[in-house]
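Please walk me through this structure, beginning with its secondary structure and going on to its pocket and its surface.

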Amino acid sequence: MTRTRSYREPLALLALAIVILVLSGIGPYDRATWLMEVFPVILAAPVLVATARRFPFTSLVYRLIFLHAVILMVGGHYTYARVPLGFWLQDALDLARNHYDRIGHFVQGFVPAIIAREILLRRSPLKPGKWLFFLVVTVSLSISASYELVEWAAAVIGGSAADEFLGTQGDVWDTQWDMFMALLGALTALIVLSRRHDRELARI
């Protein structure tokens with residue numbers, strides 16, 4: 001695989017993500033919430049660009065990162081409690097609330113699991129197996145718990161002004177549900193994508 005070819009898709013995904021980021025920032029429901037939701041995208045993009053030559057990820061990882069970024073940007077534009085897709089699911093499945101944030105937290109476990117798996121396989125002595133599985137799930141849960149601490153800090157600092165960012169919709173178990181969905185996402189990613197990921201890693 002040539003260098004030009006290997007960078008074509010990541011660059012296309014980056015360009016598309018920038019376009020979606022700009023569009024998401026046009027007339028968001030709440031500007032402060034939008035900024036907090038898309039901040040991980042704004043932070044991650046330069047890091048990925050800066051490390052692309054030294055540590056280029058597989059195409060699978062770049063696609064998953066793009067998917068996660070889109071979910072964050074859409075959630076930032078509408079706020080998680082008001083995303084139309086969540087209302088559609090609420091009506092279709094007769095749910096009690098907008099569950100778009102559940103999708104977001106599922107992906108928050110799903111995507112970091114494959115990222116962590118790739119880093120550990122390429123930069124540590126670990127091989128595919130039980131210990132890798134365990135550590136990847138642990139990393140994914142740690143990321144989820146860290147995000148919940150960020151939400152807690154936002155609630156303490158912003159008070160009621162942070163309600164749109166938190167998106168709890170009155171659910172007292174929202175934090176626990178968020179971490180459970182991240183756990184479910186990590187487990188699903190490892191079960192469904194590990195073999196495909198191994199094939200992509202073998203081509204590096």
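How many helices and how many strands are there in the chain? In this predicted model, the chain holds eight helices and zero strands, so that, by the DSSP runs used to assign them, the order of elements read from the N terminus is α-α-α-α-α-α-α-α. Of the 204 residues of the chain, 40% count as buried.

We can turn next to the space enclosed between these elements. The largest pocket holds about 1,300 Å³ of space, and of the 50 residues that line this pocket, those closest to its centre are Pro 40, Ala 44, Ala 45, Leu 48 and Ile 65. Two or more lining residues are given by each of H1, helix H2 (31–51), helix H3 (59–78), helix H5 (100–123), helix H6 (130–158) and helix H7 (163–166), with H2 providing the largest share, twelve residues. Sorted by class, the lining of the largest pocket comprises 39 nonpolar, six polar and five charged residues.

The surface offers a further feature, a nonpolar patch of about 550 Å² to which Leu 16, Ile 18, Val 19, Val 22, Leu 23 and Ile 26 contribute. One of these residues, Ile 18, belongs to helix H1 (residues 3–24). Why does Ile 18 count as partly exposed? Its relative accessible area is 46%, and because the partly exposed class lies between the buried limit of under 20% and the exposed limit of over 50%, Ile 18 is placed in that class.

How values were computed:
Residues are numbered from 1 along each chain as its sequence is written. This is a predicted model: local features need pLDDT of at least 70, side-chain atom pairs count only at pLDDT 80 or more; totals for chains, interfaces and linings use all residues. Side-chain values use heavy atoms; hydrogens and water are left out. Patches are made of residues with over 30% relative accessible area and no salt bridge: like charges are joined within 9 Å, nonpolar side chains (Val, Leu, Ile, Met, Phe, Trp, Tyr) within 5 Å. Accessible areas come from the Shrake-Rupley method with a 1.4 Å probe; for residues, only the protein chains shown count as cover. A salt bridge is a side-chain nitrogen of Lys or Arg within 4 Å of a carboxyl oxygen of Asp or Glu. Helices (H or I, at least four residues) and strands (E, at least two) are DSSP runs, numbered from the N terminus. Buried means under 20% relative accessible area, exposed over 50%, partly exposed in between (1.4 Å probe, protein chains only). On a 1 Å grid over the protein atoms alone, a cavity is a set of points where a 1.4 Å probe fits but cannot get out, and a pocket is an open set with protein on both sides within 12 Å along at least five of seven lines; lining residues have an atom within 4 Å of a point. Grid points are joined across faces, edges and corners, and a volume is the space filled by probe spheres set on the points. Ala, Val, Leu, Ile, Met, Phe, Trp, Tyr, Cys and Pro count as nonpolar, Asp, Glu, Lys and Arg as charged, and the others, Gly among them, as polar.
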